[in-house]
Every structure is written in C-alpha cells, then in structure tokens.
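Open the model in your viewer and keep the selection panel at hand. We will go stop by stop.

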Amino acid sequence: MKVLNILSTGYRATLEEQDDTVLWISQAMKRAGAELDLLLRASTVNYVVEGQRVVPLSIGARSQRNAPDVHAQLRDLAGGGATIFLLREDLELYGLLDRPRLGEVRLIGAGGLPGLLSAYDQVWHW
Amino acid sequence: MTRTRLTFLLMDAPFESSRTATAMRLIDAALDRGIDVNIFAYEGAVGLPLAAQTAHANAVHGRDATEEDHPLPREWVAALRDKAVERGLAFDWVNCGLCVEERGAAGSIEGTRRGTPADFWAMAAASTNTLVVATA
C-alpha cells in the first residue's frame, strides 16, 4: 500500500511535542515499513525553509532542552525514501518561493494534484 | 464476499471539537451498513475512552446531573463497541501508547487497547480506506 500524507496545519503543538506530530507518526510508520510520501501545503510549506531555528521553550523555571526541528524531521523522512511534495501556489502565497529550502523536495502545482493523488492507494489529510 | 473495513484516525481531545461527534456518527453509520471498523486514537483522542469521565449537573441549564444527561465520549465509544459486537462486526479501538503516557491518560474502558503507529499502518493497510480526522 502506498499512502500520501497531506499536511495542512503547520507547527501544531510543536513546542509541547518537540516535533510535528504528523511528521513524527510518518517517521514511526516509515520505520515500521510503511511506504508513504508527503505533500506540504498551507502553513506547512514553511517547514522546507533553510535556517529556521526554535529557541528552547522556557516557562518560569522550567526550561526545555530539546526544541523541535521540523526541518530536520523532513530531511529524515526524505533520507528514508519518502518523496516530499510542495504546493507551489502556497509557497508563492507565503513569499517563500525564492528562499533557500530543503533540496530533496519536489514542487507541484495545483493542476498536478489530481494526477498525484490518483497515484496513491490512500490519501490522508492532516 | 469480501467484507468492507474502514479505519478512522481521531486526534481531537474530548469536549473540544465538533469533529469528534461527527466522526462518531460516521463510525456509527459504518456499523449500520455492516462495515468493520478500526479506530486509532492519536494525541488528545486517547482521552475519548477514558473510564473516569463523569457526567455533571449544569446550574446554568437549571438541571441536576440526571436531568442534564451530559454526553460522555466514553459512552459513545462503548455504544459503538457494543453495536459492533451485536452485529458481529469488528471494532478495534487502539490508543497511541506514548500519547496515553504523556497525558497520564491510562484507564480506558474495556474493549480498547494500547498500540503504536505501526498498528495504525497495519489497520490502514488491511482496510478498504482510511479517514484521518485531524486537529485543525
């Protein structure tokens, strides 16, 4: 079975979870043998931008040591064989088209989505 | 004849989103149509089958606890489980184990079990289709 995970909500609880939980479950399933790719749209297109960094969270005297790194999560997924698609129109809307980004991603226009989605057995929208 | 099986992933915590009630209605409708169902509770959704949920009175409504008859997600889960049993259908509710631990949310009703993302993948792979009901 081949699955396409579509991510639409960026930075959802990432400070609490120390990761993006959809990328995390994708990583966990890949390690269990899953065959899945990702399509980033809406605010998640920012995940591919190089140079982003999160300062560890501090609430009162409680300081977090390990901050989330969603960019590294994506790189890990790509390194594990997942294809990362990026919706071109959303990248343009967010003004990110010309920003340095993760090299392993593939841009796709909205017109290409029907063909892309039909290439998968299941499509999950998060 | 091949049986139809659907997998649902739920993600919202109880009492936070109308998506949960809608998802429960979809699962109920699937059972009505003789469809086997799997549910993977991810993140806050592991709170849905918590046995400790308690109905409360509502002074604003002017009703005591009995009159208020406050809905509890654990009762919805139990009702779906029982309907599946009555109809000879599969009903496999799996709570993401790490999600349970980080929330201290152990203590789910009978008929649910602990699992991992690998269980979700196996459920989806054995299903006709999968619906992810994610937190917005």
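Is B:Ala125 buried, exposed or partly exposed? Select B:Ala125 and look around: it counts as partly exposed, because 16 C-beta neighbours lie inside 10 Å. The cut-offs are these: a residue is buried if 20 or more other C-beta atoms lie within 10 Å of its own, exposed if 12 or fewer, and partly exposed in between, with C-beta atoms placed from the backbone.

This is a predicted model, in which local features need pLDDT of at least 70, side-chain atom pairs count only at pLDDT 80 or more, and totals for chains, interfaces and linings use all residues. Residues are numbered from 1 along each chain as its sequence is written, while chains are lettered from A and ligands numbered from 1 in the order in which they are written.

**Helix H5 of chain B**

B:Ala125 lies in helix H5 of chain B. Helices (H or I, at least four residues) and strands (E, at least two) are DSSP runs, numbered from the N terminus. Measure from B:Ala125 to B:Thr7: their C-alpha atoms are separated by 9.2 Å, although the two are 118 residues apart along the chain.

Now select all of H5(B), residues 117-125. Seven of its nine residues are buried. Among them are B:Phe120, B:Trp121 and B:Met123.

**Across to chain A**

Add helix H2 of chain A, residues 21-31. H2(A) and H5(B) pack at an angle of about 75°, and their axes are 8 Å apart. Axes are lines fitted to C-alpha atoms, for helices over the stretch in contact, and angles run from 0 to 180 degrees between N-to-C directions. The two helices are therefore roughly perpendicular (angles under 35 degrees count as roughly parallel, over 145 as roughly antiparallel, 65 to 115 as roughly perpendicular and the rest as oblique).

Show side chains here. H2(A) brings A:Ile25, A:Ala28 and A:Met29 to the contact, and H5(B) brings B:Pro117, B:Ala118 and B:Trp121. Residues are in contact if their C-beta atoms, placed from the backbone, lie within 7 Å. The residues of this contact are six nonpolar, no polar and no charged. Ala, Val, Leu, Ile, Met, Phe, Trp, Tyr, Cys and Pro count as nonpolar, Asp, Glu, Lys and Arg as charged, and the others, Gly among them, as polar.

Widen the selection to the whole interface. Here 13 residues of chain A are in contact with 14 residues of chain B. On the chain A side, H2(A) gives the largest share, four residues. That side divides into eight nonpolar, four polar and one charged.

**The sheet of chain B**

Hide chain A. Five strands of chain B form an open sheet in the order E4-E3-E2-E1-E5, with parallel pairing. Strands pair if DSSP finds at least two bridges between them. E4 (112-115) and E5 (129-133) stand at the edges with a single partner strand each, so one side of each has no neighbour in the sheet. Neighbouring strands are turned by 20° against each other on average, direction ignored.

Pick E2(B), residues 36-41, and E3(B), residues 91-96: five bridges join them. One pair to label is B:Ala41 with its bridge partner B:Asn95. Next, show helix H1 (residues 18-32) of chain B, which packs on the sheet and touches E1, E2 and E5.

**Last stop: chain A**

Bring chain A back. E5(A), residues 84-87, runs parallel to E6(A), residues 105-108, and four bridges join them. A:Ile84 stands opposite A:Val105. Finish at A:Ser63 in strand E4(A). A:Ser63 is exposed, with 9 other C-beta atoms within 10 Å.

Note on methods
Contact = placed C-beta atoms within 7 Å.
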